[in-house]
Amino acid sequence: VLTLYFGGSYGFSAIFSTSTTSPSTPTSFIAESNYGFFVNQSNGNLFVMEQAGGSNGTLYRYNASGAKLGEYTVGIFPSNGARLK
């Protein structure tokens with residue numbers, strides 16, 4: 001089963017998901033304000049970046065079921081290339 005994850009646009013407040021094999025109305029999968037996200041295709045973990053204006057941002061790590069696995073401080077304006085400090 002493949003899952004499609006998506007958000008609205010810059011500064012969207014949630015990540016949504018739906019099955020690609022049996023599409024339905026997308027549901028809010030992770031309800032966090034975020035600047036971008038990345039899905040690890042080998043294990044389904046999601047890395048969600050939140051920016052904090054001109055200061056360091058936060059990277060949240062979730063498993064494929066939406067449970068938070070960790071929270072880390074990252075650099076200014078994180079995106080898919082966020083670096084852990």
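A salt bridge here is a side-chain nitrogen of Lys or Arg within 4 Å of a carboxyl oxygen of Asp or Glu. By this rule the count comes to 1 salt bridge. The model is a predicted one.

The partners of that salt bridge are Glu71 and Lys68. Their closest N and O atoms are 3.5 Å apart, and the rule asks for 4 Å or less, so the pair qualifies. How buried or exposed is Lys68? Its relative accessibility is 42%, so Lys68 counts as partly exposed.

Lys68 also leads into a sheet. Lys68 belongs to strand 7, where it stands opposite Tyr62. The sheet is open and has 4 strands. Their order is 4-5-6-7, and the pairing is antiparallel. Which strands form the edges? They are strand 4 (36-39) and strand 7 (68-76), and each of them pairs on one side only. On average, neighbouring strands of this sheet are turned by 20° against each other, direction ignored.

Look next at strand 6 and strand 7. Strand 6 covers residues 55-62. It runs antiparallel to strand 7, and 7 bridges join the two. Besides the pair of Tyr62 and Lys68, Arg61 stands opposite Gly70 in strand 7. Strand 6 and strand 7 form a hairpin, with 5 residues between the strands. In this hairpin Gly66 takes a positive phi near 95°.

Now move to strand 2, residues 15-19, which holds Thr18. Is Thr18 buried or exposed? Thr18 counts as buried because its relative accessibility is 11%, and the cut-off for buried is under 20%. What does Thr18 touch beyond its neighbours up to four places away in sequence? Part of the answer is Leu2, Thr3, Leu4 and Phe6. The rest is Pro23, Ser24 and Pro26. With Ser24 there is a polar approach as well: a polar atom of the Thr18 side chain lies 3.1 Å from the backbone oxygen of Ser24. Tyr5 is another residue to find from here. Thr18 and Tyr5 are 13 residues apart in sequence, yet their C-alpha atoms are 6.8 Å apart in space.

Ser19 is also in strand 2. Its side chain makes two contacts to look for. One is a polar contact with the side chain of Thr21, at 3.0 Å. In the other, the side chain of Ser19 reaches the backbone nitrogen of Ser22 at 3.2 Å.

Aromatic rings come last. How many aromatic pairs does a search of the whole structure find? It finds 2. One is Phe6 with Phe16, a stacked pair. The ring centres are 5.9 Å apart, with 25° between the planes. Phe6 lies in strand 1 (residues 3-6) and Phe16 in strand 2, so this pair ties together parts that are 10 residues apart in sequence. Phe6 counts as partly exposed, at 30% relative accessibility. Phe16 is partly exposed too, with a relative accessible area of 28%.

Phe38 and Phe47 also form an aromatic pair, and this one is tilted. The distance is 6.4 Å centre to centre, and the angle is 40° between the planes. How exposed are these two rings' residues? Phe38 has 42% relative accessibility and counts as partly exposed. Phe47 is partly exposed, with a relative accessible area of 21%.

Methods: Residues are numbered from 1 along each chain as its sequence is written. This is a predicted model: local features need pLDDT of at least 70, side-chain atom pairs count only at pLDDT 80 or more; totals for chains, interfaces and linings use all residues. Side-chain values use heavy atoms; hydrogens and water are left out. Buried means under 20% relative accessible area, exposed over 50%, partly exposed in between (1.4 Å probe, protein chains only). Contact means heavy atoms within 4.5 Å. A polar contact is a pair of N or O atoms within 3.5 Å; within protein, one must be able to donate a hydrogen and the other to accept it, and residues adjacent in sequence count only if both atoms are side-chain atoms. Two strands pair if DSSP finds at least two bridges between them. Axes are lines fitted to C-alpha atoms, for helices over the stretch in contact, and angles run from 0 to 180 degrees between N-to-C directions. Rings of Phe, Tyr and Trp (its six-membered ring) pair if their centres lie within 6.5 Å; planes under 30 degrees apart count as stacked, over 60 as edge-to-face and the rest as tilted.
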